[in-house]
Amino acid sequence: MLKHPLAPPYPFPYKFLINQSDKCKNRKPFLVLMVLAECHDLKSRHIIRETWGNESLYDVEVVRIFLVGLPRRAPERVQDLLEEESVTFGDIVQQDFMDTYYNLTLKTLMGMEWVTKFCPSASYVMKIDSDMFLNVDYLIHDVLYPHIPVRTNYFTGDLVLNARPFRNKASKWYIPKEIYPNDTYPPYCSGPGYVFSADMATKIYDVAQEIRVIPMEDAFLGICLYELHIPPSVPPKGAFNIYKFGYDHCKFRKVVIVHHYGAEELRNIWADFWAKKSQKC
C-alpha cells in the first residue's frame, strides 16, 4: 500500500498505555459517551464530568470515557497528570500515537477498538468532541428510545452529502489524491458528534484494517460505511447542530448537540439547562 506523510499509519500495533478494561464488566450500558479530548485539557474534562458527562444523571446506564493520545507539550508532566486523573476518575483511555489533529482518525479508531474489546455489552455509542453541548436525555429518549429493541447497523448524525476533498495544500483539511483519489466522499456524519449502535464499532474497526486511513476522521468513517454497504441513517430534523447558536433553554431541549460550547460557558449554561429540565416550554 502506498505510504504518504499525511496518511496516519494504520493498521499498526498501537498499545493501550492507559485503559479502563473493566469499566463495562458485569454491566450493560445503554450508552457509551466516547469523548475525544486533548490530553493536556484537564479543565474541559472536569467540566464535562460535572455537566452532561455525569453518568449519575440519567435513567439508563451511561458510561463515559475520554480518548487521548501522547502529549506533545511537557510530555512527562502531562503524562503523569493523565495517569493520576485515570486513577481518580477511571475514564481515561490512551494509546501511543501523538495527540494531533491529523491523528483524530486514530483516536476514533481507538474508541472503536475499546468498545469492541472492552465494552461489547453496550447498546449505543456517542462519539463527541470536548467543545460541545450534549443533551443526553434527548438523545436517549427522542432518538434512541430505550423501550424498543436495540437497532443494528445504525449510524446517524449531521449528514454531509457530496462533499469534495480539499486539494489546496494550504488547507487544514488538505487531502492529496495519493491518499484519496475520488472527487467526492461517500455520505458521512459530521465529526463534532454522531451516534451509532455498538455493533458498528466492531464493523468499522474491522474494515479499517483493510482500507487506507485518511486524516479526516468523519469522512473516513463515511468511507468505512460505504465499504460496509451500510448508509448512515437520516437523523431527526435539526437534532445535530454542528454550528453554534445562542443558548435558549427551550431550543436546547430539542437538540442532541450544539457545537462550540466548552469550559466555563458550558458550565454556566448547563446550570440553567438542568435546573429547568422539568419546566414546560
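1. Let me start with the lining of the largest pocket, where strand E8 gives the most, with 4 residues. Please keep in mind that this is a predicted model. The pocket itself has a volume of about 1,000 Å³. Its lining counts 36 residues, and Tyr101, Leu104, Asp129, Lys172 and Trp173 are the closest to the centre. Two or more lining residues come from each of helix H3 (104-118), strand E5 (124-129), strand E8 (188-197) and helix H6 (217-228).

2. You may like the class breakdown if you plan to look at this pocket yourself. The lining holds 18 nonpolar residues, alongside 12 charged and 6 polar ones. Asp129 and Lys172, both among the residues closest to the pocket centre, belong to the charged class.

3. Now to the interior. The largest nonpolar core has 50 residues, and Trp114, Tyr185, Phe196, Ile204, Ile214 and Phe220 have the most contacts inside it. Several elements each supply at least two of its residues, including strands E2 (31-36), E3 (62-70), E4 (92-98) and E7 (155-160). H3, E8, H5 (198-208) and H6 do so as well. Helix H5 gives the most to this core, with 7 residues. Apart from this core lies another, of 45 residues, with Leu31, Trp52, Leu134 and Leu266 among them.

4. Trp114 deserves a closer look in your viewer. Leaving aside residues up to four places away in sequence, Trp114 touches Phe16, Asn19, Gln20, Lys23, Cys24, Val32, Val63, Ile65, Val93 and Cys119.

5. On to the charged pairs: the structure holds 16 salt bridges. In one of them, Glu50 pairs with Arg267, with the closest N and O atoms 2.9 Å apart. Glu50 sits in helix H1 (residues 42-50) and Arg267 in helix H8 (residues 263-275), so this salt bridge ties together parts that are 217 residues apart in sequence. Both ends are partly exposed: Glu50 has a relative accessible area of 43%, and Arg267 comes in at 28%.

6. Asp91 and Arg64 form another salt bridge, again with the closest N and O atoms 2.9 Å apart. This pair also links distant parts of the chain, 27 residues apart: Asp91 belongs to the loop between helix H2 (75-89) and E4, and Arg64 to strand E3. Are these two residues buried or exposed? Asp91 counts as buried because its relative accessibility is 0%, and Arg64, at 7%, counts as buried too.

7. For a pair inside a single helix, turn to H5. The side chains of Lys203 and Asp199 meet in a salt bridge, at 3.1 Å from N to O. Both residues lie in helix H5, 4 residues apart, which is about one turn of the helix. Lys203 is partly exposed at 29% relative accessibility, and Asp199 is partly exposed at 21%. That second value stands just above the cut-off, since buried means under 20%.

8. One last item for your list is a shared set of charged side chains. Arg45, Arg49, Arg64, Glu85 and Asp91 are joined into one network by salt bridges that share partners. The buried pair from point 6, Asp91 and Arg64, therefore belongs to this network.

Note on methods:
Residues are numbered from 1 along each chain as its sequence is written. This is a predicted model: local features need pLDDT of at least 70, side-chain atom pairs count only at pLDDT 80 or more; totals for chains, interfaces and linings use all residues. Side-chain values use heavy atoms; hydrogens and water are left out. On a 1 Å grid over the protein atoms alone, a cavity is a set of points where a 1.4 Å probe fits but cannot get out, and a pocket is an open set with protein on both sides within 12 Å along at least five of seven lines; lining residues have an atom within 4 Å of a point. Grid points are joined across faces, edges and corners, and a volume is the space filled by probe spheres set on the points. A nonpolar core is a set of buried Ala, Val, Leu, Ile, Met, Phe, Trp, Tyr and Cys residues joined through side-chain atoms within 4.5 Å. Buried means under 20% relative accessible area, exposed over 50%, partly exposed in between (1.4 Å probe, protein chains only). Contact means heavy atoms within 4.5 Å. A salt bridge is a side-chain nitrogen of Lys or Arg within 4 Å of a carboxyl oxygen of Asp or Glu.
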